[in-house]
Amino acid sequence: MPDELGNIKACLDRYASSQTMDEADVQRMLVNVHIKSEERVRRVPFVGLVGVALLVGGVLTSASYLSRPEGEAAFDAFLRSAVRTPAVQETPRVVARPVQTPALPIPEPVRAPVNMGFDPGPVPGAAVGLAAANVESVARVSPPSIYPITLDSKTGFIDAQGKLLVAPELTYVAPFTDGIAIVARGEGDGARYAVLTEHGVISPFAYRMIGRFSDGLAPAQHQDTLRWGYIDASGEWFIAPIYVWSLEFVSGYAQVWTSDESFLITPSGARYEGDAPFATPESTSMPADIKPALRIVEKMVGSRILYGVENFKGETVVPAVCRSAHLFSGGIIYSTDAANSRFGLFNADGSIRIMHQFGFLSVVDGDTASLIASTAGSALCGVIDLDAQWLIEPKFLQVMFFDGVLARVRGVEAGRERSGYINTKGDWVYVESEK
């Protein structure tokens, strides 16, 4: 057997036994496979080429990719980056997060009183918003102790065990801030506002309007007198509603208006008599020296647009050889430029975290340490962690939310389409709709 074939066989044997390769192995394969002349490549038997293609795990899954001029240079870069971390197991095991799993399993799912209409959205497997049009990204921002549900385009909340905490009658839910959210019931002039805590406790719907909380207080309008004052986190009046108009507190001061004048007050309600306590900034634009750490770049290759990533210095992190690239706090989701495109994950430094083996990857609302994923060739999806281990098995039509405790999903159970929440064991905790 020629020396170069012996080197390739040794590399493949070592890879098969340990699932890892070192830099020397990569160099030998590059030298013996395609850095040398095309004549040497033609002397490598077809079986050897198949082994090499399997080894790189699909970065260049199509032979036509290698025939393109940009393919050969990309091959080196991707192969070298792929071996910085051990290869991912071919069949990831299902693991749960024991510290976040609900302590009390629910033997039978809690069911909504009536069926609900649910719009799954146009993209299979992609995270979507809630059906209620006036809900401001409740699934993304709700704290882990309560979870939103919908009924006839109105919102309620359950706990991690599926117990109903707030009936689905809310027409507006603001994002949670410091454990509280502003909510409303009713429409138009008939809408009344209240304060909801992260434990599902809700104040009386006694306000015509409530502004944002700051310094523990929020401006609120009395439902009868229409005067403005300030409420605390419990939804009680802290500063009496005596003003024609009032703004939220900024740096310990709030501006209020009476029928005659405007002035500043402190959180105690006392009028501030001193000079202006803070200066108005000259500009609210981002300073010129603050730049994003990474950014997506694109490159025209023939009639196609390929994507890569560079840092704020303009240095290449990932070459523009990807069909798609998406930045998020856990890294860079990418897909390969091949006929059968596959998804994987780069670390922020451009090394491969998850080899491109999935049919789909997307960020998930509620958790930055996991991804929505589907296996190659399947329309069903689940949730993986950033090491490609399954947290929620891929058997659902859609995953809309996951926070390590519950996942909001849409799937088929016993021949019927079902939407609601499941735990990490796959048990249904709350069924929103079934048809």
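These are my notebook entries on a sheet, a hairpin, a nonpolar core and a pocket in this structure. I kept in mind throughout that the model is predicted.

**Entry 1: the sheet**

I started with the strand order. Nine strands make an open sheet, running β15-β16-β17-β18-β19-β20-β21-β22-β23 with antiparallel pairing. I then asked myself which strands stand at the edges. They are β15 (294–301) and β23 (390–396); each has a single partner strand, so one side of each is left without a neighbour in the sheet. I also looked up the twist, which averages 55° from one strand to the next.

For a closer look I picked one pair. Strand β16, residues 304–311, runs antiparallel to β17, residues 316–328, and three bridges pair them. If you want a spot to click on, try Val309, whose bridge partner in β17 is Val318.

**Entry 2: the hairpin**

Next I moved along to β24 (398–402) and β25 (406–413). How many residues lie between β24 and β25 in their hairpin? I found three, and Gly404 in the turn has a positive phi of about 95°. The two strands run antiparallel and are joined by four bridges. One residue to find here is Phe401, which has Arg408 as its bridge partner in β25. I checked how covered β24 is, too: five of its five residues are buried.

**Entry 3: the core**

Then I looked for where nonpolar residues gather. The largest nonpolar core holds 15 residues, and Ile392, Phe402, Val409 and Ile422 have the most contacts inside it. Both hairpin strands turn up again: β24 and β25 are among the elements giving two or more residues to this core, together with β20 (352–364), β22 (381–385), β23 and β27 (428–434). Which element gives the largest share? That is β23, with three residues. So the edge strand from my first entry is back, this time as a core contributor. A general reminder I jotted in the margin: in soluble globular proteins, nonpolar side chains tend to be buried together.

**Entry 4: the second largest pocket**

Last, I turned to empty space. The second largest pocket has about 260 Å³ of it. Its lining has 14 residues, and those closest to the centre are Ala174, Ile182, Gly211, Arg212 and Phe213. I noted β6 (180–185) and β8 (207–210) as the elements that each give two or more residues to the lining. The largest share, three residues, comes from β6. What is the lining made of: nonpolar, polar or charged residues? I wrote down ten nonpolar, two polar and two charged.

Technical notes: Residues are numbered from 1 along each chain as its sequence is written. This is a predicted model: local features need pLDDT of at least 70, side-chain atom pairs count only at pLDDT 80 or more; totals for chains, interfaces and linings use all residues. Side-chain values use heavy atoms; hydrogens and water are left out. Two strands pair if DSSP finds at least two bridges between them. Axes are lines fitted to C-alpha atoms, for helices over the stretch in contact, and angles run from 0 to 180 degrees between N-to-C directions. A nonpolar core is a set of buried Ala, Val, Leu, Ile, Met, Phe, Trp, Tyr and Cys residues joined through side-chain atoms within 4.5 Å. Buried means under 20% relative accessible area, exposed over 50%, partly exposed in between (1.4 Å probe, protein chains only). On a 1 Å grid over the protein atoms alone, a cavity is a set of points where a 1.4 Å probe fits but cannot get out, and a pocket is an open set with protein on both sides within 12 Å along at least five of seven lines; lining residues have an atom within 4 Å of a point. Grid points are joined across faces, edges and corners, and a volume is the space filled by probe spheres set on the points. Ala, Val, Leu, Ile, Met, Phe, Trp, Tyr, Cys and Pro count as nonpolar, Asp, Glu, Lys and Arg as charged, and the others, Gly among them, as polar.
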